[in-house]
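This briefing goes through one model topic by topic, beginning with a pair of packed helices and moving on to the nonpolar cores, the contact between chains and the make-up of one chain.

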Amino acid sequence: MIHFRYEILRTLRNRVFYALTLALPLVLFYSVASGQRHATFNGTAFPLYFMTAMAVYGAMYAVVAPGARIARDRSRGWLRQLRITPLRAGTDFAAKAASAYLLALPTLVLLFLAGASLGVRLDAGQWLELTGLLAAGLAPFVVMGFILGYLVPVDALAAALGGVVVLFALLGGVFGFQLATSGPLFDVLKCLPSYWLVQAGKTALGGGGWPLQAWIVVVVWTVALIPAAALAYRRATSRV
Amino acid sequence: MLSGLAKSYGLVRAVGRMDLVIAPGETVALLGPNGAGKTTTIDMMLGLTRPDEGTVSIFGVPPAEAVQNGWVGAMLQTGAPLDHLTVRELVRLMASYYPHPLAVDEVLRVTGAFDFAGQRTTNLSGGQAQRVRFASALVGDPDLLLLDEPTAGIDVEGRRDFWQAMRAVTDRGKTVLFATHYLEEADAYADRIVLIARGEIVADGPATEIKAQAGSRSIRATLPGVDVEALRVLPGVRNVQRHGDAVLLSCADADAALVALLAAFPGARDIEVTGGSLEEAFLELTAADVDASRRSTEAAR
């Protein structure tokens with residue numbers, strides 16, 4: 001699969017972008033958590049809490065990032081060129097999704113290492129569970145990155161990607177507080193994939209857990225967004 | 001291949017009722033001024049734009065299917081090479097999409113891209129980028145090549161090299177349709193010219209036939225104060241332009257027109273009969289269409 005290989009190669013060759021995406025959550029983590037090494041937050045060690053929060057936030061950024069490249073390819077006319085080759089759009093989506101995870105997984109691993117360096121200790125099963133659940137919960141955001149990349153003008157894209165991430169992070173409780181913990185608003189928040197990303201982070205804190213509802217929310221968002229992405233792709237390629 | 005094709009953007013009719021059949025192996029120029037509907041036509045042939053009316057069929061199947069089968073290669077007007085790859089990697093990537101691609105190095109050589117195959121696609125000159133786009137269109141070994149103004153923005157030398165490479169390719173029996181607004185390109189490289197203006201085919205045939213169709217010759221004469229409409233109805237006259245005291249008659253039959261002109265206007269002086277060039281034919285046929293559409297707009301009011 002040359003298309004997969006080159007898609008990943010292009011991600012890696014965009015060095016500044018790749019380095020920044022990996023470094024930013026790391027810098028945030030160390031600058032805040034190193035001073036709070038022995039503090040606690042909502043009953044858990046601060047570094048553990050902040051590591052999972054930054055992991056969610058950084059990984060969300062990483063998985064929407066291919067949207068920026070899609071927008072650039074689109075503005076260069078490459079998407080139209082691709083559409084008139086026998087390459088199936090689905091294969092292209094899959095390759096882009098792979099490169100999204102290629103950015104997200106090192107982000108997570110680096111943050112986990114950073115967490116460990118500040119004394120976070122989890123057993124192997126917990127690390128794996130945390131990584132797996134986060135990876136699953138990121139799926140809707142991968143597709144969101146595609147949609148924004150296909151639709152938003154290149155010069156507005158950074159703002160759009162950042163805005164979507166911050167909005168979902170805020171509503172999902174990534175920043176350490178919930179807009180609501182009961183009532184109808186809470187029911188709405190529980191339908192957001194970012195809420196469950198935060199919950200995935202909390203499984204490592206020994207609480208929350210990932211019920212069936214989490215899977216349903218993540219799967220429904222992903223499945224609902226894929227046709228929207230296909231539509232956006234058609235729109236992006238039919239007229240420059 | 002095209003039948004009754006039409007496409008409008010809002011109130012602007014980009015392409016109206018176009019019927020065109022291209023035989024396998026033909027090299028056809030889609031010639032027309034800017035805004036004539038060339039790109040829209042090519043987009044519809046590629047399935048990038050959905051026609052409002054009519055159908056496109058390529059080797060008997062809809063465009064999407066022909067593309068899926070790898071039968072079509074295209075150079076679009078906008079299509080900068082993909083970044084973060086070298087030229088060779090990009091062409092290899094394009095090759096990987098097709099069931100029976102050509103050898104990458106051979107294509108790079110034919111298109112003159114071999115010398116800079118190791119360079120990143122972001123550091124190419126306009127002429128180099130065009131060669132890469134040509135190589136990308138070619139490497140899948142498609143039976144039909146659609147080229148939308150392939151030499152736009154390229155210097156004379158680059159253009160000549162391009163057409164040389166193109167010749168080498170068409171000799172292998174490919175069907176080629178290229179859009180251009182360069183007359184000399186259409187004249188020199190196409191077996192057949194389809195002249196379009198305002199989204200409609202105004203002439204179709206070999207270059208010689210187009211010249212004949214547009215009025216093989218024209219008559220220039222000095223005729224002060226003459227009524228242009230009176231000239232227009234003379235036998236053999238196709239179109240009339242007035243430049244001060246001089247009039248220019250584009251003729252389908254210059255001999256008949258000359259006899260009639262002298263009979264009706266014995267005062268005509270400085271008479272000159274000139275053979276038509278493709279350029280005149282082009283101006284004539286596209287302008288005639290403007291006149292016709294202006295008349296029909298007026299009639300509609």
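**A helix pair, two cores and a chain contact**

In this predicted model, helix 3 (residues 46–64) of chain A and helix 8 (residues 139–151) of chain A have axes that come within 7 Å and cross at roughly 45°. An angle from 35 to under 65 degrees counts as oblique, and helix 3 of chain A and helix 8 of chain A are therefore oblique to each other.

**Helix pair in chain A**

- The crossing between helix 3 of chain A and helix 8 of chain A is right-handed.
- Helix 3 of chain A enters the contact through A:M60, A:V63 and A:V64, while helix 8 of chain A contributes A:F141, A:V142, A:M144, A:G145 and A:L148.
- Sorted by class, the residues in the contact of helix 3 of chain A with helix 8 of chain A comprise seven nonpolar and one polar, with no charged residues.

**Nonpolar cores**

- The largest nonpolar core has 134 residues, and of these A:M60 and A:V63 touch the most other members; both residues also belong to the contact that helix 3 of chain A makes with helix 8 of chain A.
- With 15 residues, helix 3 of chain A gives the most to this core.
- When residues up to four places away in sequence are not counted, A:M60 touches A:L138, A:F141, A:V165, A:F168 and A:A169.
- A second core, separate from the largest one, has 14 residues, among them B:L223, B:L231, B:V237 and B:A254.
- As general background, nonpolar side chains tend to be buried together in soluble globular proteins.

**Contact between chain A and chain B**

- Chain A puts 21 residues into the contact and chain B puts in 24 residues.
- On the side of chain A that touches chain B, at least two residues are supplied by each of helix 1 (2–13), helix 5 (78–83) and helix 12 (212–238) of chain A.
- Helix 1 of chain A provides the largest share of that side, namely five residues.
- By class, the side of chain A that touches chain B is made up of seven nonpolar, seven polar and seven charged residues.

**Make-up of chain B**

- Chain B contains eleven helices and 13 strands.
- Chain B has 301 residues, of which 43% count as buried.
- Taking the contacts in chain B between residues at least 6 apart in sequence, 69% join residues at least 24 apart.

Notes
Residues numbered from 1 in each chain as written. Chains lettered and ligands numbered in written order. Predicted model: local features only at pLDDT ≥ 70, side-chain atom pairs only at ≥ 80, totals over all residues. Helix = DSSP H or I, 4+ residues; strand = E, 2+ residues; numbered from the N terminus. Buried ≥ 20, exposed ≤ 12 C-beta atoms within 10 Å, placed from the backbone. Contact = placed C-beta atoms within 7 Å. Axes fitted to C-alpha atoms, helices over the stretch in contact; angles between N-to-C directions. Parallel < 35°, antiparallel > 145°, perpendicular 65-115°, else oblique. Left-handed = near helix turned anticlockwise from the far one by under 90°. Nonpolar A, V, L, I, M, F, W, Y, C, P; charged D, E, K, R; others polar. Core = buried A, V, L, I, M, F, W, Y, C linked by C-beta atoms within 7 Å.
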